[in-house]
Amino acid sequence: KIAILGVLKVALPAEDAALILIQVNFIGAIEPDKSRLWFFAELFESRVLFISIEGGMGLLVAWGDDANFVLSVGGFHPRFNPPPLPFPIPKRLAIDILNTPVSRIRVECYFAVTSNTVQFGARAELRLGFDELGIFGHVAFDALFQFSPFYFIIDISGSVELKVFGLGLFSIRLDFSLEGPTPWRAKGEGTLSLLFFDISADFDITW
């Protein structure tokens with residue numbers, strides 16, 4: 001077996017006054033007895049100016065009776081069950097554009113390729129205020145394409161909520177998904193809440 005592990009560090013323009021700081025822990029191995037090679041890396045304490053960056057990536061190439069290929073940057077689709085991996089599932093790639101006690105804007109994303117799939121997605125979260133008083137929202141997108149047999153699923157969701165003294169005064173939530181083609185299925189749900197009143201509409205169509 002051959003293994004390599006270490007830390008990659010990039011500090012620009014200088015280490016004692018870095019505007020860009022990228023730090024990565026990594027480990028990899030070639031294991032002939034298991035007919036595979038793999039690599040795993042994860043960001044830590046990294047930032048660009050005041051924007052923090054985190055996330056991980058993993059690569060698995062296996063040959064022989066259990067041939068497989070997995071490349072993940074930021075994890076997998078929520079509905080995908082990955083094969084056994086010699087490393088942890090990578091964390092989402094994420095940047096905190098704003099992160100204070102009263103406000104937060106965070107964006108996460110991922111991309112993965114396996115022997116039979118392509119997957120990608122992103123999520124953005126917004127919080128302005130405190131848990132008991134503020135505006136909260138999110139937008140998310142996830143897509144999974146399988147090659148054989150051909151199949152795909154796409155999920156889209158979004159929400160916004162206004163809270164005052166812990167009471168939800170107003171909120172909107174939307175969820176949609178499309179999958180197919182054997183069979184095709186489209187479903188969605190939308191909810192509008194105003195004080196103590198809720199209005200919901202949903203559909204679920206298969207053909």
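How much space lies in the largest pocket? About 180 Å³ in this predicted model. Below is a short tour of that pocket, of two residues in strands, Thr114 and Ala201, and of the aromatic pairs.

**The largest pocket**

- The lining of the largest pocket divides into five nonpolar, three polar and four charged residues.
- One stretch of the lining runs through Leu60, Ala62, Trp63, Gly64, Asp65, Asp66 and Asn68.
- Lys34, Ser35 and Arg36 line the pocket too, as do Pro83 and Pro84.

**Thr114, in strand β9**

- Thr114 belongs to strand β9, which covers residues 103–114.
- With a relative accessible area of 8%, Thr114 falls under the 20% cut-off and is therefore buried.
- Its side chain makes a polar contact with the side chain of Thr117, at 2.6 Å.
- Leaving aside neighbours within four places in sequence, Thr114 is in contact with Phe69, Val70, Phe80, Gln119 and Phe147.

**Ala201, in strand β15**

- Strand β15 spans residues 197–206, and Ala201 is found there.
- Is Ala201 buried or exposed? Its relative accessible area is 52%, which is over the 50% cut-off, so Ala201 counts as exposed.
- Not counting residues up to four places away in sequence, Ala201 touches Gly188, Glu189 and Gly190.
- Thr191 lies 10 residues from Ala201 along the chain, and the C-alpha atoms of these two residues are separated by 6.6 Å.

**Aromatic pairs**

- The count of aromatic pairs comes to 11.
- One of these pairs is Phe176 with Phe203: the ring centres are 6.4 Å apart and the planes stand at 35°, so the pair is tilted.
- This pair links distant parts of the chain, with Phe176 in strand β13 (residues 167–180) and Phe203 in strand β15, 27 residues apart.
- Strand β15 thus turns up twice in this briefing, as the place of Ala201 and of Phe203.
- Phe176 counts as partly exposed, at 39% relative accessibility, and Phe203 is likewise partly exposed, at 37%.
- Which residues do ring pairs link into a cluster? They are Phe120, Phe141, Phe145, Phe150, Phe152, Trp184 and Trp207.

How values were computed
Residues numbered from 1 in each chain as written. Predicted model: local features only at pLDDT ≥ 70, side-chain atom pairs only at ≥ 80, totals over all residues. Heavy atoms only, no water. Helix = DSSP H or I, 4+ residues; strand = E, 2+ residues; numbered from the N terminus. Buried < 20%, exposed > 50% of the residue type's maximum accessible area, 1.4 Å probe, protein only. Polar contact = N/O pair within 3.5 Å; in protein donor to acceptor, adjacent residues only side chain to side chain. Contact = heavy atoms within 4.5 Å. 1 Å grid on protein atoms, 1.4 Å probe; cavity = no way out; pocket = protein on both sides within 12 Å on 5 of 7 lines; lining within 4 Å. Points joined across faces, edges and corners; volume = space filled by probe spheres on them. Nonpolar A, V, L, I, M, F, W, Y, C, P; charged D, E, K, R; others polar. Phe/Tyr/Trp six-rings, centres within 6.5 Å; stacked < 30°, edge-to-face > 60°.
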